[in-house]
Amino acid sequence: MANLTLREIRSEYNRTALGRLWSLLNPLATIAIFAIIFGLLFRAEPHVGTNSGLQNYALWVACGIIPWSFISTGIMAGMGSLVANTGLLTKVFFPRWVLVASSVASKTSTHLIELCVLAVIMAIFGGWQVLLVAPVLIPIVILSAAFVLGISLILSVTVVYFRDMEHLWAVFNQVWFYGTGVVFGVELVAAAEEQLAHDTGTRWPLLAVFQANPAHQFLEAYRAVLYDFALPSWETWAHITAWAIAMLGIGWFVFKRFSGRVVEEL
């Protein structure tokens, strides 16, 4: 597990001029794009930070982009880990789940570095008080990694039997991105529900569906700490804990049930 994780970390940006700096430059470029489009052109305004007093769209979207990038890239990496290591699987016997777990662990290490940099940025613009609640990020990252690992276990074994799943997930991932509220807040969804009810005379549960999204709940936890300088609400803790445990349990069951013939299928 340790060797495979280190291999993933070392190979991720191997033979690139900037090395691991790309793990920071990629999300920074995405944050800049959304800050210009939504913050500058569409004049999007996030809520005022509970304890930080911040009201800066670029910082608000940064607190969503970085956790979302971990969820998205972690699942993609874990999903393709078995297919990408066909040669290793056919030559050496070892627990197959280790490949999925090491891919997610590698992305988790990158995520921790990005969070440290983001916490420093938030301390510069919002105040050093963020450092008091920053340790709360550790259990949130652990729960996030468990959630990502659970989904990755399911998808990794699914891709072996049904290769189209990789392409289907890429399409779903785009929809999931906008359904998570990475670039807009829950207030916009509530306003859209009211407007739709006024226009059609029928109330659609947009807000309820939006808040039921597990990725949205994880982003709410990260934003509570990094943007509000506060602890996540107990409802948020309950949601992310339940989703992490449920997905990890289901993922482990599915993987153990269908991974027996993985080598033959590969």
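Q: What makes a pair of cysteines a disulfide, and how many disulfides does the structure hold?
A: A disulfide is a pair of cysteine sulfur atoms within 2.5 Å. The structure holds 0 disulfides. Cys63 is in none, and its nearest cysteine sulfur, that of Cys116, is 14 Å away. Cys116 is likewise in no disulfide, with the sulfur of Cys63 as its nearest, 14 Å away.

Q: What kind of model is this, and which residues count?
A: This is a predicted model, in which local features need pLDDT of at least 70 and side-chain atom pairs count only at pLDDT 80 or more, while totals for chains, interfaces and linings use all residues. Residues are numbered from 1 along each chain as its sequence is written, and side-chain values use heavy atoms, with hydrogens and water left out.

Q: Why is Cys63 called buried or exposed?
A: Buried means under 20% relative accessible area, exposed over 50%, and partly exposed in between (1.4 Å probe, protein chains only). Cys63 has a relative accessible area of 0%, so it is buried.

Q: How do you know whether the span of helix H3 agrees with its number of residues?
A: Helices (H or I, at least four residues) are DSSP runs, numbered from the N terminus. The expected span of a helix is 1.5 Å times one less than its number of residues. H3, residues 57-79, has 23 residues and should therefore span 33 Å; its end C-alpha atoms are 32 Å apart, which agrees.

Q: Why is H3 called largely enclosed by the rest of the structure?
A: Because 18 of its 23 residues are buried.

Q: What makes the approach of Asn56 to Ala58 a polar contact?
A: A polar contact is a pair of N or O atoms within 3.5 Å; within protein, one must be able to donate a hydrogen and the other to accept it, and residues adjacent in sequence count only if both atoms are side-chain atoms. At the start of H3, a side-chain oxygen of Asn56 comes within 3.0 Å of the backbone nitrogen of Ala58.

Q: Where is Ser52, and why is it called buried or exposed?
A: Ser52 sits in the loop between helix H2 (22-41) and H3. Its relative accessible area is 13%, so Ser52 is buried. The Ser52 side chain reaches the backbone oxygen of Tyr227 at 2.5 Å. Contact means heavy atoms within 4.5 Å. Not counting residues up to four places away in sequence, Ser52 touches Gly126, Tyr227, Asp228 and Phe229.

Q: What is unusual about the phi of Phe229?
A: Most residues other than glycine have a negative phi. Phe229 is not a glycine, yet its phi is positive, about 60°. Phe229 lies in the loop between H12 and H13. With 5% relative accessibility, Phe229 counts as buried.

Q: Why is Trp128 called buried or exposed?
A: Its relative accessibility is 54%, so Trp128 counts as exposed. Trp128 lies in the loop between H6 and helix H7 (130-133). Trp128 and Phe229 are 101 residues apart in sequence and 9.6 Å apart in space, C-alpha to C-alpha.

Q: Why is Thr200 called partly exposed?
A: Because its relative accessible area is 45%. Thr200 belongs to helix H10. Its side chain reaches the backbone oxygen of Leu196 at 2.7 Å, and a polar atom of that side chain lies 3.2 Å from the backbone oxygen of Thr202.

Q: Why is Ser152 called buried or exposed, and what does it contact?
A: Ser152 has a relative accessible area of 0%, so it is buried. Ser152 is found in helix H8, and its side chain reaches the backbone oxygen of Val148 at 2.8 Å. Leaving aside neighbours within four places in sequence, the residues in contact with Ser152 include Gly74, Ile75 and Val100.

Q: Which residues of H13 are buried, and what covers them?
A: They are Thr236, Ile240, Ala244, Met247, Gly251, Val254 and Phe255. The cover includes helix H4 (81-84), helix H6 (97-126), helix H8 (137-161) and H12. H13 itself, residues 234-258, has 25 residues and reaches 36 Å from its first C-alpha to its last, close to the 36 Å expected.

Notes:
Helix = DSSP H or I, 4+ residues; strand = E, 2+ residues; numbered from the N terminus.
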